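Q: I would like to go through the contact between two domains and ask, for each term used, what justifies it. Please set each value against the rule behind it.

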Amino acid sequence: MAKTLEQDELLSTIDYKPPKKGWMETKPSFKPGTYCYAALPKNLEVIDFPAPEWSPTDEDWKLPPNWKEIILEGMKDRLSKYRTFKLFMDICVRCGACADKCHFFIGGGDPKNMPVGRAELLRSIYRRYFTTAGKVLGKLAGARELTEDVLKEWWYYFYQCTECRRCSVFCPYGIDMAEITMMGRELLYLLGRGINWALEPVAKCYKTGNHMGIPPQGYKSIIEFFADEIYDITGIKVEPTFNRKGAEILFIIPSGDVFGDPGTFTLMGYMMTFHHVGLDYTFSTYASEGGNFGLFTSHEMIKRLNAKMYAEAKRLGVKWILGGECGHMWRVCNQYMETMNGPADFLEEPVSPITGTKFENAKASKMVHISEFTADLIRHNKLKIDKSRNDHVIVTYHDSCNPARAMGLFEEPRYIIRNVCNHFYEMPEETIRERTFCCAGGAGLGTDENMEMRMRGGLPRASSVRYVHEKHGVNRLACMCAIDRATLVTMMEYWVPQVAVTGVHELVANSLVFDGEKKRTVGLRGEPLKGYEGAEEG
Amino acid sequence: MKLEDLLSQKRTAILEKWFDAILETYPADTSRFLRKQKGRFVNPVGYTIFQGIEGLFEELLQGMDSDKTSLFLDNIIRIRAVQDFSPSQAMAFIFLLKKVIREEIKSEIGENQISEELLIFESKIDKLALLSFDIYMKCREKVYEIKVSETKRMLFGLLKRANLIYEIPEQRPHVKRPH
């Protein structure tokens, strides 16, 4: 006779409870879908980084014999060079305020993604080798030996942080977790250990000026392609210029906007807005990238990749720089650029040639964010707007992490959206502005290799999008970051498929009324405007 | 007393125990957070699981409307399908209800009718489990689908812009570019 199963017998064979081990003893398991591929040697060599051949899943990482020395020397050097790093290692009192603020922890549930836990990975080594208590008391003082497993853990978890800085908003000491992650990644690169999705853009940017590796002639023809698209839809001929000496303004955008939808619609939006007011601007095929994946690599690399912006502005003899809708670009341009590559005393304090407004906030960097520029145009009635052209969309706004938390840019995009759309609804207060939730694809993690991790981390953002979709019928998620425009699309497909993603300037351009335009029946993405559903293109 | 009355009476206790049992599938620090943090938007996992099991329990008692049941299951499984679980671990939460109910009505289980009704009720839980397989697979397939569509979006656009391919022009505006 067949054996009858006892109650729970079947269930007990399935290990559905996690092992009860301390965090120091729990090793990461490299499960496909949760980590990114290793940086390729060719990309490391180009920027003079150590270039090992390895895979994170290898049991033996084939580290050089003196790897410990390299890491500890690297830590020592950075502790003396960066005051913040030393402070952030010392001052955490483990109050737990940050613990439940990370999107990866909230959506995924791995305790090492509590920001305090992630920082502890580095702090435990700091204590062991750089503090007396740690040297003497060891584990009792929260210290531990630096081993190959620790290094693997660093690699695993520092590439599960999108450097979005939501946790920092809640830290009573203002510890910036993004900086800790940056340090962790810098140290790993001393051994050539990084991820290819973040490093290939660095290598390409170093060689061609942009993350995608688009050469000058390609960059020019892609942008002209979109000028043709604008003509097809609106009958308006925008005429972008490139590397034009004597232009008043150098305009720099993230290369994601020339590469993939819906960023490309945002690019069309910029060009239409500038054409509308007759702005004297030029693109550069050399400073062809606003983004800076150096930020996800090392401080030196941020500086190296950023240098082209001022250099190109000087070469072309422009008065000031205008920047497009990008996220982390603005952490660099707003907070680091002037210190790293300034002073830009060959540029003028930015003044809008259309309204005369002086952008005093950009006095030092000489670089203005496009939402500041466009909000100012609207404020001075310089744009002829037909809001009803956006009546086919019900919009909510996702505060992209860096413009929100690194620049405090909360009101300008909202002001623009309210002025070009009739239907705008906010997501719940605890998930917007400085408390905004990340797209989970920032800091070089927006690749398909770690899709599961992205979906976990995307859940908090998606939950509030779903809420406004169900409550107000929201069907468009506006944002101000090229990484958002690439990764939120995919995230929405999984969590809230009824919602599409848009840049702010796509909405602006759809609403703009031009002299001599043809009858507008479709928006920039070819979607029918309200009242023209199913109509022939005319 | 009929089983369903008994379960209705013990509803709060059963739901709490079921919730706790599900939370135990997460590491200790995580389950503490999932249990204690009440905000819907700051704790979407805890919120969704509780709302979901509450709804599922009601459906089990009321007669399982298939749309509603699928929605409650989808909400929970869509999350667990991308979390750090094997398929069996991700789905175990359904079967945990059997365990909770058996414990909760241990003393009544031998009474008239109850054990027979329990068999029927547990078959309904099995039905939930079967439904869950479909949903779990749908979610996993979606993960692979979005990986492909992300890559396609980038590649196709690039070829087009590089003028390397000819595209048949679209005649009707409303079918152009879905995203």
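Q: What makes about 3,200 Å² the area buried between domain 1 of chain A and domain 2 of chain A?
A: In this predicted model, buried area is the accessible area that two parts lose on being put together, summed over both; the value of about 3,200 Å² therefore refers to domain 1 and domain 2 of chain A taken together. Carbon and sulfur atoms give 62% of that area.

Q: Which parts of chain A are meant by domain 1 and domain 2?
A: The domain assignment gives residues 26–194 as domain 1 and residues 202–511 as domain 2, and the centres of the two domains, taken over C-alpha atoms, are separated by 30 Å. The contact between them takes 39 residues from domain 1 and 40 residues from domain 2.

Q: Why is the pair A:Asp176 and A:Arg331 called a salt bridge?
A: The rule asks for a side-chain nitrogen of Lys or Arg within 4 Å of a carboxyl oxygen of Asp or Glu; the side chains of A:Asp176 and A:Arg331 meet at 3.0 Å, N to O, so the pair satisfies the rule. Across the interface of the two domains, the rule finds two salt bridges, and the count of residue pairs in polar contact is twelve.

Q: Which element gives the most to the side of domain 1 that touches domain 2?
A: That is α10(A), with seven residues. The elements giving two or more residues to this side are α2 (41–46), α5 (103–108), α9 (166–170) and α10 (177–189) of chain A, and the residues of this side divide into 20 nonpolar, eight polar and eleven charged.

How values were computed
Residues are numbered from 1 along each chain as its sequence is written. Chains are lettered from A and ligands numbered from 1 in the order in which they are written. This is a predicted model: local features need pLDDT of at least 70, side-chain atom pairs count only at pLDDT 80 or more; totals for chains, interfaces and linings use all residues. Side-chain values use heavy atoms; hydrogens and water are left out. Domain bounds come from an automatic or database domain assignment. Contact means heavy atoms within 4.5 Å. Buried area is the accessible area (1.4 Å probe) that two parts lose on being put together, summed over both. A polar contact is a pair of N or O atoms within 3.5 Å; within protein, one must be able to donate a hydrogen and the other to accept it, and residues adjacent in sequence count only if both atoms are side-chain atoms. Helices (H or I, at least four residues) and strands (E, at least two) are DSSP runs, numbered from the N terminus. Ala, Val, Leu, Ile, Met, Phe, Trp, Tyr, Cys and Pro count as nonpolar, Asp, Glu, Lys and Arg as charged, and the others, Gly among them, as polar.
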